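Here are some notes on the model, set out as numbered points. Please read them with the coordinates open.

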Amino acid sequence: MSDNLIKYDYHLHTCFSADCDSPIEDIIKSAKTKGLNSLCFTDHNDLDFPETPDNIKFDLDIEKYIDTLSKIKEREASNSIINGQDNFEIKIGLEQGVMPSTCNTLNTYSKEHPGLDFIICSSHVVDNGDPYYPESWQYPDGSYKDENTLYRKYYEDMLYNVSHFTDYNVYGHIDYIFRYGPDNKKGFQKVTEEIFRQKYFPRFSDIIREILKNIIDNNKGLEINTGSLYRGMDFAHPHIEILKLYKELGGQILTIGSDAHDLEHIGYKFDYARELAKSVGLRYYCTFNNMEAEYHPL
């Protein structure tokens with residue numbers, strides 16, 4: 001990594017997440033090799049997650065998680081002092097999967113679990129299913145649900161979330177559903193940058209605008225999530241049209257995350273993320289300590 005790249009990964013997963021097997025120590029070693037200065041671990045915590053075809057659950061063992069990462073955090077800080085090394089910071093975060101039914105329950109989570117530095121709020125469920133699974137887009141007879149109805153429902157739930165849930169710092173991959181949605185009834189296709197710009201952003205910009213206004217009014221932010229770029233899409237989350245609108249409405253809080261579930265993709269295409277942010281006029285990205293933002297020039 002060259003010196004001018006962002007060196008803080010604020011969205012990645014470990015073996016504490018049900019969909020990841022990466023050991024924490026291996027992640028740290030890989031990040032150091034890649035020239036990163038800090039990692040904020042953000043493992044999944046999705047309360048009341050619906051049944052899935054593979055019976056996966058995203059209930060985080062939060063006490064063990066914070067205890068484990070706190071010890072590693074202290075060790076890394078001590079090593080930098082004792083050995084005169086550059087400080088490698090560990091931050092403790094989580095990716096809180098939120099639904100309208102769980103907003104109230106989760107609204108005091110950070111106060112109930114001291115030690116958290118950062119919380120991503122994410123929408124992973126619509127119509128009682130995770131869009132990741134093809135079955136979520138189909139009726140029991142195999143016919144497709146109307147994708148536009150699901151897209152609208154996804155954003156209606158998100159608007160409810162940002163209106164009733166405040167215990168978070170940034171909203172994660174707010175166009176996540178388009179990573180997996182079918183573009184037509186013939187099969188599942190990746191929504192391209194151009195398809196989103198021409199077809200979907202005009203269709204849903206009204207409700208996206210209301211979501212972004214609420215996020216900004218509550219002093220929350222967005223992330224640029226590069227995970228879509230190694231999952232076959234040609235744009236990062238959020239699409240540049242959403243990022244432009246966020247900036248136009250006065251948004252300033254921004255984090256950069258790879259959404260890595262393996263060692264290979266830690267810090268993935270952060271040069272791209274930096275240039276994307278700058279291209280819409282954003283001037284800073286943020287890190288977090290004890291749920292408070294610290295700003296760094298892009």
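**Notes on the predicted model**

1. Strand 7 is a convenient place to begin. From this strand, L254 and I256 point one way, while T255 and G257 point the other way; all of them are buried. In a regular strand, side chains alternate between the two faces of the sheet. The model is a predicted one, and the remarks below should be read in that light.

2. Next, the neighbour of that strand. Strand 6 pairs with strand 7 in the parallel sense, over four bridges. Within this pairing, N225 stands opposite G257 of strand 7, and G257 is among the buried residues named above.

3. Both strands belong to an open sheet of seven strands, ordered 1-2-3-4-5-6-7, with parallel pairing. Strand 1 (8-9) and strand 7 (254-257) are at the edges with a single partner strand each, so one side of each has no neighbour in the sheet. Elsewhere in the sheet, strand 4 (residues 118-122) and strand 5 (residues 170-171) are paired in the parallel sense through two bridges. There, I120 stands opposite V170 in strand 5.

4. Which way do strand 8 and strand 9 run relative to each other, and how many bridges join them? They run antiparallel and are joined by six bridges. The two strands form a hairpin with two residues between them, and N290 in the turn has a positive phi of about 55°. Y284 has P297 of strand 9 as its bridge partner.

5. On aromatic contacts, the count comes to 25 aromatic pairs. One of these is F196 with F235, a tilted pair at 6.0 Å centre to centre and 40° between the planes. F196 is in helix 6 (residues 193-217) and F235 is in the loop between strand 6 (221-225) and helix 7 (240-248), so the pair ties together parts 39 residues apart in sequence. F196 counts as buried because its relative accessibility is 0%; F235 is buried too, with a relative accessible area of 2%.

6. The hairpin has an aromatic pair of its own. Y284 and Y295 are edge-to-face, with 6.1 Å centre to centre and 85° between the planes. Because Y284 lies in strand 8 (residues 284-289) and Y295 in strand 9 (residues 292-297), this pair ties together parts 11 residues apart in sequence. Is each ring buried, partly exposed or exposed? Y284 counts as partly exposed at 29% relative accessibility, and Y295 counts as partly exposed at 41%.

7. Ring pairs also build a cluster. Its members are W137, Y151, Y154, Y155, F178, F196, Y200, F201, F204 and F235. The tilted pair of F196 and F235 therefore has both of its rings in this cluster.

8. Two lysines lie over ring faces. K32 is over the face of F88, at 5.3 Å from the ring centre. K220 is over the face of Y168, at 5.4 Å from the ring centre.

9. On enclosed space, there is one cavity of 30 Å³ or more. About 30 Å³ of space lies in the largest cavity. Its lining consists of V126, G129, D130, P131, S136, W137 and L150, which by class gives four nonpolar, two polar and one charged residues. W137 is also a member of the aromatic cluster.

10. On open space, the largest pocket has a volume of about 350 Å³. Which of its lining residues are the closest to its centre? Of the 21 residues that line the pocket, these are D19, Y132, Y176, Y180 and H261. By class, the lining of the largest pocket has seven nonpolar, six polar and eight charged residues.

11. A last item concerns C103, which is found in helix 3 (residues 103-106). Is C103 buried or exposed? C103 is buried, with a relative accessible area of 1%; the cut-off for buried is under 20%. C103 and H237 are 134 residues apart in sequence and 23 Å apart in space, taken from C-alpha to C-alpha.

Note on methods
Residues numbered from 1 in each chain as written. Predicted model: local features only at pLDDT ≥ 70, side-chain atom pairs only at ≥ 80, totals over all residues. Heavy atoms only, no water. Phe/Tyr/Trp six-rings, centres within 6.5 Å; stacked < 30°, edge-to-face > 60°. Buried < 20%, exposed > 50% of the residue type's maximum accessible area, 1.4 Å probe, protein only. Lys NZ or Arg CZ within 6 Å of the ring centre and 35° of its normal. 1 Å grid on protein atoms, 1.4 Å probe; cavity = no way out; pocket = protein on both sides within 12 Å on 5 of 7 lines; lining within 4 Å. Points joined across faces, edges and corners; volume = space filled by probe spheres on them. Nonpolar A, V, L, I, M, F, W, Y, C, P; charged D, E, K, R; others polar. Pairing = 2+ DSSP bridges.
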